[in-house]
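Me: I keep running into words like "buried" and "salt bridge" and I'd like to know what earns a residue or a pair those names. Can we go through this one together?

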Amino acid sequence: MIVTEDEVRRIYRKRFPAEELAAKRRVWEVIVKHYFNRWIRPSDTVLDLGCGYGEFLNYVHAAERIGFDLNPDSPSHLDHGVKFFQKSVCDLSFIADNSVDLVFTSNLMEHLPGKREVEQMAREARRVLRPGGCFVMLGPNIRFLPGKYWDFWDHVVPISDRSLQEMLINQEFEIVDLYPRFLPYTTRSWVPKHPVLIRAYLNFPPIWQIMGRQFLVRARKPIAG
């Protein structure tokens, strides 16, 4: 289990060398601009938990963008307009209650120390969300990756779309969208990565059932009354 900032920095520098990181960014630019931005208004405040190298936040069109990550390298990759906290995603005490329109996390929950920490992160996400705001989660689905899921040393918590849905309902979220299969497992896959092909993939959900290995869940904080 990775527990220190230096360990996080070391493993991600080795996992994503410069060329591969650039290719990953190009893929995410298309995904964010042509899929995730549909859920974000220009006036919104968006919080990314485990923001990494800004693959999501750098391409979001929002009034305020906030990133949390333990990796000391993250700030050097983020746009100047992004507010960054080098803090645990389980403690969002720097963020006021009911102040965020959308919370996003991608390929993070499986790295947390255990399910209690995943629950704590979800509670904090719900606290900071405005009523009607959404928590969007993307990650490897253990149901479709029983072996490959463990090929990364820092994968600790096995999560499926079904177990995540149960946890979110227990945390009093409303499930808006749930896709057991969304994106392929990693950007290292053999799938062609030309922007036109990525857009075609995003616009044709039937192919997700063949190639998708990551779940996508969008859950809403209920509006009181």
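Me: Why is Cys-51 called buried?
Reply: Look at its relative accessible area, which is 2%. Buried means under 20%, so Cys-51 qualifies. Keep in mind that this is a predicted model, and the value is computed from it.

Me: What makes Cys-134 count as buried?
Reply: Cys-134 has 9% relative accessibility. The cut-off is under 20%, so Cys-134 counts as buried too.

Me: How do you know that Cys-51 has no bond to the closest cysteine sulfur?
Reply: That closest sulfur belongs to Cys-90, and it sits 15 Å away. A disulfide needs the two sulfur atoms within 2.5 Å, so this pair is too far for a bond. Go by that rule for the model and you end up with zero disulfides. In case the word is new: a disulfide is a covalent bond between the sulfur atoms of two cysteines.

Me: OK, salt bridges next. What makes Arg-65 and Asp-79 a salt bridge?
Reply: Their side chains meet at 3.2 Å, N to O. The limit is within 4 Å, so the pair passes. The two come from distant parts of the chain: Arg-65 is in strand β2 (residues 64-68), while Asp-79 is in the loop between β2 and β3, 14 residues apart.

Me: Which of the two terms, buried or partly exposed, fits Arg-65, and which fits Asp-79?
Reply: Arg-65 has a relative accessible area of 14%, and buried means under 20%, so Arg-65 is buried. Asp-79 has 32%. Partly exposed runs between the 20% and 50% cut-offs, so Asp-79 is partly exposed.

Me: How do you know that Arg-127 and Asp-97 form a salt bridge?
Reply: The N to O distance is 2.5 Å, and the rule asks for within 4 Å, so the pair is a salt bridge. Arg-127 is in helix α3 and Asp-97 in the loop between β3 and β4, 30 residues apart. Arg-127, at 22%, counts as partly exposed, and Asp-97, at 47%, is partly exposed as well.

Me: What does the pair of Arg-143 and Asp-161 tie together?
Reply: Their side chains meet at 3.0 Å, N to O, in a salt bridge. Arg-143 lies in the loop between β5 and α4 (161-170) and Asp-161 in helix α4, so the pair ties together parts that are 18 residues apart in sequence. Arg-143 is partly exposed at 33%, whereas Asp-161 is buried at 3%.

Me: How many salt bridges does the rule give?
Reply: The count comes to 13. There is also a network of salt bridges linking Arg-41, Asp-44, Asp-101 and Arg-130.

Me: Why are the buried residues of α4 said to be on the same side?
Reply: The buried residues in α4 are Asp-161, Leu-164, Met-167 and Leu-168. They cover an arc of only 125 degrees around the axis, which puts them on the same side of the helix. The face turned away from them carries the exposed residues Arg-162, Glu-166 and Asn-170. As for what covers the buried ones, that includes α3, β5, β6 and β7 (214-220).

Me: And what makes the buried residues of α5 line one face?
Reply: In α5 (residues 195-202), Ile-198, Tyr-201 and Leu-202 are buried. Seen down the axis, they fall within an arc of 95 degrees, so they line one face of the helix.

Me: Now the sheet. What makes β3 and β6 edge strands?
Reply: The open sheet has seven strands in the order β3-β2-β1-β4-β5-β7-β6, with mixed pairing. β3 (82-85) and β6 (174-179) each pair on one side only, and that is what makes them the edges. From one strand to the next, the twist averages 15 degrees.

Me: How do you know that β4 and β5 pair?
Reply: Pairing takes at least two bridges, and six join β4 (residues 100-106) to β5 (residues 129-140), so they qualify. The two run parallel. One spot to find is Ser-106, which stands opposite Leu-138 in β5. Helix α3 (residues 115-128) lies across β1 (45-49), β4 and β5, at about 145 degrees to β5.

Technical notes. Residues are numbered from 1 along each chain as its sequence is written. This is a predicted model: local features need pLDDT of at least 70, side-chain atom pairs count only at pLDDT 80 or more; totals for chains, interfaces and linings use all residues. Side-chain values use heavy atoms; hydrogens and water are left out. Buried means under 20% relative accessible area, exposed over 50%, partly exposed in between (1.4 Å probe, protein chains only). Helices (H or I, at least four residues) and strands (E, at least two) are DSSP runs, numbered from the N terminus. The arc is that of the directions from the helix axis to the C-beta atoms. Axes are lines fitted to C-alpha atoms, for helices over the stretch in contact, and angles run from 0 to 180 degrees between N-to-C directions. Contact means heavy atoms within 4.5 Å.
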